[in-house]
Amino acid sequence: MAPGLPHKMQEEVFAQLVDSHYTGLYRYALSLAKSSSDASDLTQQTFFVWAKKGHTLRDLNKAKTWLFTTLYREFLRDKRLSGRVTAIEDLSPREQEFPSAEPDPMARLDSQMVMEALQEVDPVFRAPLTLFYLQELSYQEIANALEIPIGTVMSRLSRGKAELRAYLARRAKGGKVIDFPNAQGQRP
Amino acid sequence: MTTQEAKFLLSAYRPDGRDAADPFFAEALAQARSDPELAAWFAREQAMDARISERLGGIVPPQALRESILAGARASQPRRERWLSPVWLAAACIAILLSAAIGMRLRSTAPTESDLAQSALRDLAEEGAEHDPNLPSLASVQGELSRHPLPIYRNLNIDPVQLRQDHCRAITIAGHQVFEVCFKHGESWYHLYIARMGDFAPSAPVGTPTFVGQNLFAAAAWTDGQRTYALVTDAGPAALRLMFGS
């Protein structure tokens with residue numbers, strides 16, 4: 001946890017860290033993993049890695065970014081193991097204009113629907129998008145957490161928002177929601 | 001800066017205003033103030049983002065998650081810091097010397113299946129997130145284990161020689177080489193440790209698993225008459241017992 005501190009204090013520091021971040025991490029994990037149990041596992045695994053390696057982080061102010069980075073790595077690792085990872089290069093460009101805000105698609109949507117909509121966004125865009133909406137990390141911290149350049153964060157946010165809002169707009173209108181297949185024609 | 005460029009940058013501006021002082025957005029914000037069309041777009045964008053963030057904030061984690069995280073961390077907490085204190089180190093030295101002295105007089109006791117299970121548990125707690133279980137050379141045996149009919153301990157046919165050739169991870173427990181293969185069965189991950197039968201004395205009759213565990217970490221050890229195995233998971237005792245048909 002944090003060698004050098006008394007054991008009791010380590011537990012308190014760890015508990016504070018959990019209290020501060022487990023909710024945000026769980027929401028992030030849920031958007032990535034799409035199931036509550038997998039999201040719980042990912043969140044737990046993230047803190048497990050912290051308990052083992054967190055002491056290597058010299059600046060505790062960076063713990064939040066470290067945790068989100070770790071959760072994303074664990075998610076990618078699980079995806080690799082299940083052979084379902086989508087390479088960024090495989091994605092087709094799908095720049096879309098922000099659909100009309102009439103009727104306001106958010107007016108009738110609740111938290112669960114927003115999460116479902118996020119889960120429909122291509123995972124490459126979903127990760128930065130969820131981090132952005134969680135408002136826990138700045139664009140710079142999102143770039144660090146996902147280990148991508150700032151420009152790529154901007155680009156993925158822009159495209160992710162377009163996907164999300166297109167989905168929300170279709171759902172609000174009660175129309176059929178069409179999956180966004182990736183280049184291989186499979187859902188991630 | 002064009003309007004499109006300003007929109008591109010402002011799409012990363014958090015709706016709670018936390019980025020207001022960030023010079024990265026200064027030029028785009030200034031442009032939004034002087035361009036009514038851009039200002040209107042930005043206001044809509046921020047309103048929409050704020051509402052999505054608010055809705056996302058309504059997602060509540062499962063009640064038991066927090067306690068589960070804390071309990072899991074306690075179970076896996078490395079104990080070595082304690083041993084780094086001078087008092088403990090001195091005590092450890094004395095204990096080692098005493099053990100060595102006694103050991104010269106007493107016949108050494110062979111490690112048991114239970115020792116294998118306990119060591120495997122510790123190994124998973126300490127190394128579970130470290131090693132890469134995705135070795136292509138092991139895909140075949142991992143696939144077989146994933147599809148192996150339950151209970152898992154019946155008709156296991158794993159060749160340690162092949163494991164060595166496939167660069168399977170090997171650790172040393174009580175001076176004996178033990179191979180470890182990770183595999184997923186259903187929704188949970190398991191770690192099978194394989195040792196020579198003679199290296200670990202049976203704790204129970206052949207084909208009878210012995211269970212040990214702490215919180216979510218659970219292990220079972222058994223021998224099939226040829227080799228000794230330990231199956232470990234951090235998915236909890238229920239997930240482990242599932243593999244043994246109970």
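Which residues touch the most other members of the largest nonpolar core? The exercises below work through this and related points on a predicted model of two chains.

**Exercise 1. Describe the largest nonpolar core and the surroundings of Phe68(A).**

Step 1. The largest nonpolar core holds 66 residues. Those that touch the most other members are Ala29(A), Phe68(A), Leu71(A), Leu131(A) and Ile142(A).

Step 2. Helix H1 of chain A, residues 7-33, supplies the largest share of this core, with 11 residues.

Step 3. Leaving out residues up to four places away in sequence, Phe68(A) touches Leu25(A), Tyr28(A), Leu131(A), Leu137(A) and Ala145(A).

Step 4. A second, separate core has 38 residues, among them Val141(B), Leu192(B), Phe217(B) and Ala220(B).

Background: in soluble globular proteins, nonpolar side chains tend to be buried together.

**Exercise 2. Set out the secondary structure and burial of each chain.**

Step 1. Chain A has 7 helices and 0 strands, and its pattern along the sequence is α-α-α-α-α-α-α.

Step 2. Chain A contains 188 residues, of which 46% count as buried.

Step 3. Take the contacts in chain A between residues at least 6 apart in sequence: 69% of them join residues at least 24 apart.

Step 4. Chain B has 10 helices and 6 strands. Of its 246 residues, 30% are buried.

Step 5. For chain B, 63% of the contacts between residues at least 6 apart in sequence join residues at least 24 apart.

**Exercise 3. Which residues of helix H6 of chain A are buried, and where do they lie around the axis?**

Step 1. Helix H6 of chain A spans residues 139-146, and its buried residues are Tyr139(A), Ile142(A), Ala143(A), Ala145(A) and Leu146(A).

Step 2. These residues lie on the same side of H6(A), because they cover an arc of only 165 degrees around the axis.

Step 3. The general background is that an α-helix has 3.6 residues a turn, so residues three or four places apart point the same way.

Step 4. Just after H6(A) comes Glu147(A), which takes a positive phi of about 60 degrees.

**Exercise 4. Work out how strand E6 of chain B is covered and paired.**

Step 1. Strand E6 of chain B runs over residues 227-233, and 7 of its 7 residues are buried.

Step 2. Both faces are covered. One side carries Arg227(B), Tyr229(B), Leu231(B) and Thr233(B), and the other carries Thr228(B), Ala230(B) and Val232(B). In a regular strand the side chains alternate between the two faces of the sheet.

Step 3. E6(B) pairs in the antiparallel sense with strand E3 of chain B, residues 188-196, over 6 bridges. Ile194(B) has Tyr229(B) as its bridge partner in E6(B).

Step 4. Strand E5 of chain B, residues 217-223, also pairs with E6(B) in the antiparallel sense over 6 bridges. Here Val232(B) is the bridge partner of Ala219(B).

Step 5. E5(B) and E6(B) form a hairpin with 3 residues between the strands, where Gly225(B) takes a positive phi near 95 degrees.

**Exercise 5. Which elements supply the side of chain B that touches chain A?**

Step 1. The contact involves 33 residues of chain B and 40 residues of chain A.

Step 2. On the chain B side, helices H1 (3-10), H3 (36-56) and H4 (65-76) each supply at least two residues. H4(B) gives the most, with 8 residues.

Step 3. This side of chain B divides into 16 nonpolar, 8 polar and 9 charged residues.

**Exercise 6. Is Gly245(B) buried or exposed, and what does it touch?**

Step 1. Gly245(B) sits in the segment after helix H10 (237-242) of chain B.

Step 2. Gly245(B) has 11 other C-beta atoms within 10 Å. A residue with 12 or fewer counts as exposed, so Gly245(B) is exposed.

Step 3. Not counting residues up to four places away in sequence, Gly245(B) touches Leu150(B) and Pro151(B).

Step 4. Pro149(B) is 96 residues from Gly245(B) in sequence, and their C-alpha atoms are 9.8 Å apart.

**Exercise 7. Judge the confidence of the model, with attention to chain B.**

Step 1. The model scores ipTM 0.76 and pTM 0.54.

Step 2. Chain B has a mean pLDDT of 82, and 82% of its residues reach 70 or more.

Step 3. Among the elements of chain B, helix H2 (residues 26-34) has the highest mean pLDDT, 93, and helix H5 (residues 80-83) the lowest, 48.

Step 4. Over residues 79-83 of chain B pLDDT stays under 50, and the model has 5 contacts beyond four places in sequence for them. Where pLDDT is low, the predicted coordinates should not be read in detail.

Conventions: Residues are numbered from 1 along each chain as its sequence is written. Chains are lettered from A and ligands numbered from 1 in the order in which they are written. This is a predicted model: local features need pLDDT of at least 70, side-chain atom pairs count only at pLDDT 80 or more; totals for chains, interfaces and linings use all residues. Two residues are in contact if their C-beta atoms, placed from the backbone, lie within 7 Å. Helices (H or I, at least four residues) and strands (E, at least two) are DSSP runs, numbered from the N terminus. Ala, Val, Leu, Ile, Met, Phe, Trp, Tyr, Cys and Pro count as nonpolar, Asp, Glu, Lys and Arg as charged, and the others, Gly among them, as polar. A residue is buried if 20 or more other C-beta atoms lie within 10 Å of its own, exposed if 12 or fewer, and partly exposed in between; C-beta atoms are placed from the backbone. The arc is that of the directions from the helix axis to the C-beta atoms. A nonpolar core is a set of buried Ala, Val, Leu, Ile, Met, Phe, Trp, Tyr and Cys residues joined through C-beta atoms within 7 Å. Two strands pair if DSSP finds at least two bridges between them. pLDDT is the predictor's confidence in each residue, from 0 to 100.
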